[in-house]
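User: Please take a close look at the largest pocket in this model. I would like to know what lines it, and how the surrounding parts of the fold are put together.

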Amino acid sequence: MLRNLAAIVAFACGSALAQAPATDTLPASDWREIRSVVEAQRDALVAGNAERAYGYASRGIREQFGDAQTFLRMVLQAYAALVDAREAVLLEGAVIEGRVIQPMRLVLPDNTVQIALYTMEKQRAGGWRIAGCILAPSTLKAV
């Protein structure tokens, strides 16, 4: 079900998502690094550490926002669920249409659930960075 949700969002967003390696699978080491990057950025956002959170963004995202404080303000406005969630759990990632998607289930204080779909980008230097994020509502309710 989550893979279907990720596929739908990936198709709907088309060009807004960064291209990943031209393979449908990634080695486990890449998935570990991807998960580490996503968790570290969320930890930095929750802590209000703009510089650290900004450092996990891809070059394109950094160019779009220009500086860490502008990036943090955007996240707090458009992606408040990432910071406000009382629980955040990484789900199984997928390569969809050549795009690397790392989902995270967010349980908000009112027990509503959202899915954050991170688009990941492999950097020329070898590491992974976050190239975008889409928040998708869920019909699930936490207990």
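Analyst: In this predicted model, the largest pocket holds about 240 Å³ of space. Its lining is made up of 16 residues, and Ile61, Met74, Tyr79, Gly132 and Cys133 are the closest to the pocket centre. By class, 13 of the lining residues are nonpolar and three are polar, with no charged residue present. Helices H2, H4 and H5 and strand S5 each contribute at least two residues to the lining. S5 has the largest share, at four residues.

The elements that line the pocket also appear in the nonpolar interior. The largest nonpolar core comprises 36 residues, and those with the most contacts inside it are Leu45, Phe71, Val100, Tyr118 and Met120. At least two core residues come from each of H2 (28–47), H3 (50–55), H4 (59–65), H5 (68–78), H6 (80–84), S3 (99–107), S4 (112–122) and S5 (128–141). H2 gives the most, with seven residues. A further core of ten residues lies apart from this one, and Leu91, Ile101, Ile115 and Ala142 are among its members. As a general tendency, nonpolar side chains in soluble globular proteins are buried together.

Tyr118 links several of these parts. Beyond its neighbours within four places in sequence, Tyr118 is in contact with Val38, Gln41, Leu82, Val100, Ile101, Gln102, Met104, Ile130, Gly132 and Cys133. Two of these partners, Gly132 and Cys133, are among the residues closest to the centre of the pocket.

Two charged residues complete the picture. Asp30 sits in H2 and counts as buried because its relative accessibility is 12%, under the 20% cut-off. Leaving aside neighbours within four places in sequence, Asp30 is in contact with Lys122 and Trp128.

Arg86 is found in the loop between H6 and strand S1 (87–90). Its relative accessibility is 44%, so Arg86 counts as partly exposed. With neighbours within four places in sequence left aside, Arg86 is in contact with Val107, Leu108, Pro109, Asn111, Ala142 and Val143. Of these partners, Leu108 is 22 residues away from Arg86 in sequence, with 5.6 Å between their C-alpha atoms. Asn111 is joined to Arg86 by a polar contact of 2.4 Å between the side chains. Ala142, another contact of Arg86, is one of the residues of the ten-residue core.

Notes:
Residues numbered from 1 in each chain as written. Predicted model: local features only at pLDDT ≥ 70, side-chain atom pairs only at ≥ 80, totals over all residues. Heavy atoms only, no water. Buried < 20%, exposed > 50% of the residue type's maximum accessible area, 1.4 Å probe, protein only. Contact = heavy atoms within 4.5 Å. Core = buried A, V, L, I, M, F, W, Y, C linked by side-chain atoms within 4.5 Å. 1 Å grid on protein atoms, 1.4 Å probe; cavity = no way out; pocket = protein on both sides within 12 Å on 5 of 7 lines; lining within 4 Å. Points joined across faces, edges and corners; volume = space filled by probe spheres on them. Nonpolar A, V, L, I, M, F, W, Y, C, P; charged D, E, K, R; others polar. Polar contact = N/O pair within 3.5 Å; in protein donor to acceptor, adjacent residues only side chain to side chain.
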